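Biologist: Hi! Could you pull the model up so that we can go through it together?
Modeller: Sure, here it comes.
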Amino acid sequence: ERRRVLGLPAPSPCGSWHGCNYCAGGISPKLHDVLETMGLHLPDSVIQSRVDSLTIQGFWKNIEVEVPPNRLMLSVFRGSRPSGIAAKVHGFDAFLLEQALAEGAKLISAEVLDVTRSSAGLPVIAYVAGGSGARLQADFCVFACGINEHGSGSANGDRLLDCARAMMPGFEPPPSRQTLIFELAARPGIPASLRNSIFFVEYGSKALPLEMCSLLPKRDCITVVLIGRAVDRAKTATEKREVIHGFLQLPHVRRLLSPVSALESMCMCGPRMVVGLARKPYGERFSAVGDLVTSRLYKDGILSAQITARALAETILDRGMDGQSLETGYGPTLRHFRRNNRFAKVVFFLHRVFFSSSVLSRVLYQAVITERKSTPAARRQLESILWRIASGDDEYEAIFRYMLRPATVWAVLTGGAMITLRNYLTELAFGLRWEGFGRFTTGVSLERLEEKRREFGRLIAQASIPLPDRLEFERMYTIKIAASRELILEQLESFGEQDRAYLRPRGLKITRVAGSPHEPGCLIRYEVLSPRFTFTLRLETIFEGHLAVYRVMDGFARGGVLLFEVETGANDVCLLSIYVAFNFSRGTSLAGRIWCSAFRLFFPSFVHDVLWNHSLCQLRDLVERQVSAGLAADLQSGGCATDQTET
């Protein structure tokens, strides 16, 4: 191992490992399971972050998928550290090497010069260590040098590939594709809304064609990986920097990173990612493993290396070292990769088609939210499929079959396409436009609604508001906002004011007619279409300064409630929730009953979904813009330098 420096205290702060392995450093649930099975428990010094959720940035809206309770995702640094981080980092590869040494492996800190065969056909490795040449005769030789040494200006990489071709006749490295990986330092720090998450951006723009991009926040930086035609075309360092600049300027990426006041690019590299299977990667007493053979398409290069290494070791120990033994023992594992990657190509193609289309991504988003609001977590098919694709937590053949199930297609059509059309027409009717601010998830899962229903029921009872046991209308909407509770409450105080910048649909007027904003006794009047159709809300009480309970005094929802709640969640991200519950008025006279029935048909429950969804996204944008403006002012007063280094 030429990157290991001996003579340092063991274990040293950075594992005495120097360099970079050109990898984002994500530990998938499947890889974590493997590490635990092998007794390899990552210390806190190696773990950069623990991932709680995956966010898929589609053309229409972000879809956030929580990591299941029984699964674990982590981030690490593969090498020593990015060039812009001064602190020492205990890297993942250094940890693995230390564990191997603890198990009895012998390490030679050297660089290989040549690989040949002895007169008896045994592998002979010539290497140089400490300025002196040496030779090692072995029973079996494994090439595990990856594909990024070759063609990177490293004579060592080209030399090893030439040796592999000579020792394994017919061998050719697997096909690969260019990627662009860079580290961003967020100033003054990683914002709360980005921590403990992985973000997948599924499209770029016509001028910047991208296919699969990921942002992985760590302790002090954000690791970004870009794949697409724009990256394929970028050959020089200048062209790569232009791609990075273009990516960070994309409107949907700017919205994703909107809490960040300043980004500094610390380092940049352009490694190749394996997208196929090598030709004839084994022969008599020789073989290749890891990236030099194959990998799961666009996912889990570390896990792929473990799978191939394990299969090879078991073959050698159980069957033999000759070519036939390797063909029958090691070959099936590699052919399984090839078959699985064929399905992966179809899965990722369909994934890109949906998320890069404004219409299809909206349909899929709506189908996921509809399922989330009506189906228990254990039975949500669409959410499960998105989790498996994004995390790589299943075989792609299985994922493809899940995607083609009749129940999946039906859920997309009924819960997605039909509801999307209905909501779109509603937005047109009320003059709602989505320009200038982000689209974020507001739909609440069935489990959270049941949990909050019990909590709100107790508070409503404390406010002396009687609600019937069975409600004809009940809705709850929640949005995450990376801001303090005080800033959010400040916006909520303008709920009934004429100058508010949210909840302003055509045909609906909301006006404070009595009392002080956000104070008990405050009266808010809703006027729907004309002054003849109104109802009034009265603020009954505020619990602990963060939950406001309004009673509907008259109109079609007489006796109902409207609640605003601001909770402080994980990582100082607040959750703003709206809860609405009432029974429709029936009317006392014939004319009244006819009117109530007509109004119920004209203003059905889904209209509330459309109005509040749009308004909550507006409100989040307003609050987070305030946060960004404050951070920018603080940063400007303190000064900030930028730097960019190519690795």
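Biologist: Let me start with one residue: is E474 buried or exposed?
Modeller: E474 counts as buried, at 17% relative accessibility. Buried means under 20% relative accessible area, exposed means over 50%, and partly exposed is in between, with a 1.4 Å probe and protein chains only. Before we go on, this is a predicted model, where local features need pLDDT of at least 70, side-chain atom pairs count only at pLDDT 80 or more, and totals for chains, interfaces and linings use all residues. Residues are numbered from 1 along each chain as its sequence is written, and side-chain values use heavy atoms, with hydrogens and water left out.
Biologist: Good to know. Which side chain does E474 meet in a salt bridge?
Modeller: That of R453, at 2.8 Å from N to O. A salt bridge here is a side-chain nitrogen of Lys or Arg within 4 Å of a carboxyl oxygen of Asp or Glu.
Biologist: And where do the two sit?
Modeller: R453 lies in helix α14 (residues 446-462) and E474 in strand β19 (residues 473-481), so the pair ties together parts that are 21 residues apart in sequence. Helices (H or I, at least four residues) and strands (E, at least two) are DSSP runs, numbered from the N terminus. R453 itself is partly exposed, at 35% relative accessibility.
Biologist: How many salt bridges does the structure hold?
Modeller: There are 33 salt bridges. One of them joins R620 and E624, at 3.4 Å from N to O. Both residues lie in helix α17, 4 residues apart, about one turn of the helix, and both are buried. Salt bridges that share partners also join R448, K452, E455, E565 and E567 into one network.
Biologist: What about R551, which residue does its side chain meet?
Modeller: E540, in a salt bridge of 3.0 Å from N to O. That pair links distant parts of the chain, with R551 in strand β23 (residues 547-552) and E540 in strand β22, 11 residues apart.
Biologist: Switching topic: how many cavities of 30 Å³ or more are there?
Modeller: The count comes to 4. On a 1 Å grid over the protein atoms alone, a cavity is a set of points where a 1.4 Å probe fits but cannot get out, and lining residues have an atom within 4 Å of a point. The largest cavity has a volume of about 230 Å³, where a volume is the space filled by probe spheres set on the points.
Biologist: Which residues are closest to its centre?
Modeller: Of the 17 residues that line the largest cavity, Y526, F535, V580, H608 and W612 are the closest. Helix α17 gives the most to that lining, with 3 residues.
Biologist: What classes of residue make up the lining of the largest cavity?
Modeller: By class, 16 are nonpolar, 1 is polar and none are charged. Ala, Val, Leu, Ile, Met, Phe, Trp, Tyr, Cys and Pro count as nonpolar, Asp, Glu, Lys and Arg as charged, and the others, Gly among them, as polar.
Biologist: And the second largest cavity, what classes line that one?
Modeller: Its lining has 6 nonpolar, 5 polar and 3 charged residues. The volume of the second largest cavity is about 90 Å³, and Q57, N62, R255, G438 and R439 lie nearest its centre.
Biologist: Last one: where is G416?
Modeller: G416 is in helix α13 (residues 406-430), and at 0% relative accessibility G416 counts as buried.

How values were computed: On a 1 Å grid over the protein atoms alone, a cavity is a set of points where a 1.4 Å probe fits but cannot get out, and a pocket is an open set with protein on both sides within 12 Å along at least five of seven lines; lining residues have an atom within 4 Å of a point.
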